[in-house]
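Reader: I'd love a close look at one part of this protein. Could you take me through it at an easy pace?

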Amino acid sequence: MGPLNPDAARWMGAALALAARGRGRTAPNPNVGCVIVNRGRVVGRGWTQPGGRPHAEAMALAQAGEEARGATVYVTLEPCAHESARGPACSSLLIEAGVARVAIARGDPDPRTHGAGIARLEAAGIAVAQDMLAAEARTAMAGFLTRQALGRPQVTLKLATSLDGCIALASGESRWITGAEARAHAHLERARHEAILVGRGTWQADTPTLDVRLAGLEDRAPRRLLLSRRHPHGSAEGNGWHKIRSPHDIATLAGVDHVLVEGGAGAASAFLAADLVDRLLLYRAPILIGGGLPALGDIGLGALAEAHGRWQQTDARQLGSDRLEVYERAREA
């Protein structure tokens, strides 16, 4: 393939931003973004729609119309090669549209497409560039890629603590440790997950709604999960909750590629002990509690050396008076 437009990275960045719009709503399909550029102008854009259809490429091609002919397509995942009752393969749509070039951020690990989408494009005379902003695409589509690689959803653990690592006073009072800005960010995270989980203690103490209280995103409330080895007092299942007995049970959840673990210390510790946490959101308020309830219990470490090298910081920002730090579990690719 000849050299791409000097703005290629910018166009792929735009496709990645579109992919983020679908996060938490497309499972079991990946949340893909697509931008179509012709003569330096965006003529089509799309992202995977709720429920997984239409695909990003189909949405962008419909918008571009005839202007897709001879254009360059920037897409965050290899266009699918398998036909479906829900719609044609995206590689077929791109060929029919007469695009000239396709830039792909990552190959599709789904065995129905893996490499076949690229092969079909190239066989049709379409130039293909691969691995453009691949690391960024891995982050954008982490839920789908984690499910493909590990057979389970990506797990994010949220902890909101004081400076001395407490999540509540000794009495259990915890509203509010963090301020309004941090809480708004946490609600945005809820909107980006298909499921949200709390432990039995949190459920019994608070009966939390776990909804999304942000204007315009109220319909993005995730599915509510309860981690409990025994049935708690009161009815959880049948009242909008799904109970699982073990952290490993998240692998059995249909249509869930992102799980947010939100409370409390027992649930957080259980997921860490099982080494199922992929991403950590640590909100820290500038307060000291002393003698309060700790954020974590035993997570199964046998020696201090085992704690080192597990987490890599990927983001840090100020949210009002609070500090957010984001870490990802260091795992072999």
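Reader: In what order do the eight strands of the open sheet lie, and is their pairing parallel, antiparallel or mixed?

Author: Happy to! Please keep in mind that this is a predicted model. The order across the open sheet is E10-E9-E8-E11-E6-E12-E15-E14, and the pairing is mixed. Strand E10 (241-244) and strand E14 (311-319) are the edge strands, each with pairing on one side only. Between neighbouring strands of this sheet the average turn is 25°, with direction ignored. As general background, strands in a sheet pair through backbone hydrogen bonds, in either a parallel or an antiparallel way.

Now let's zoom in on one pair. Strand E6 (residues 154-161) and strand E12 (residues 279-284) run parallel and are joined by six bridges. If you want a spot to find on screen, look for Thr161, which stands opposite Arg284 in E12.

Next, add the helix. Helix H7 (residues 180-191) lies across E6, E12 and E14, as well as strand E8 (195-199), strand E11 (258-263) and strand E15 (322-329). Relative to E12, helix H7 runs at about 160°.

One more feature is worth a visit. Searching the whole structure turns up one cavity of 30 Å³ or more, and the largest cavity has a volume of about 40 Å³. It is lined by 13 residues, of which Thr26, Asn29, Glu194, Asp257 and His258 are the closest to its centre. By type, the lining has seven polar, three charged and three nonpolar residues. Because domain 1 (7-145) and domain 2 (152-329) both give residues to this lining, the largest cavity lies between them.

Conventions: Residues numbered from 1 in each chain as written. Predicted model: local features only at pLDDT ≥ 70, side-chain atom pairs only at ≥ 80, totals over all residues. Heavy atoms only, no water. Pairing = 2+ DSSP bridges. Helix = DSSP H or I, 4+ residues; strand = E, 2+ residues; numbered from the N terminus. Axes fitted to C-alpha atoms, helices over the stretch in contact; angles between N-to-C directions. Contact = heavy atoms within 4.5 Å. 1 Å grid on protein atoms, 1.4 Å probe; cavity = no way out; pocket = protein on both sides within 12 Å on 5 of 7 lines; lining within 4 Å. Points joined across faces, edges and corners; volume = space filled by probe spheres on them. Nonpolar A, V, L, I, M, F, W, Y, C, P; charged D, E, K, R; others polar. Domains from an automatic or database assignment.
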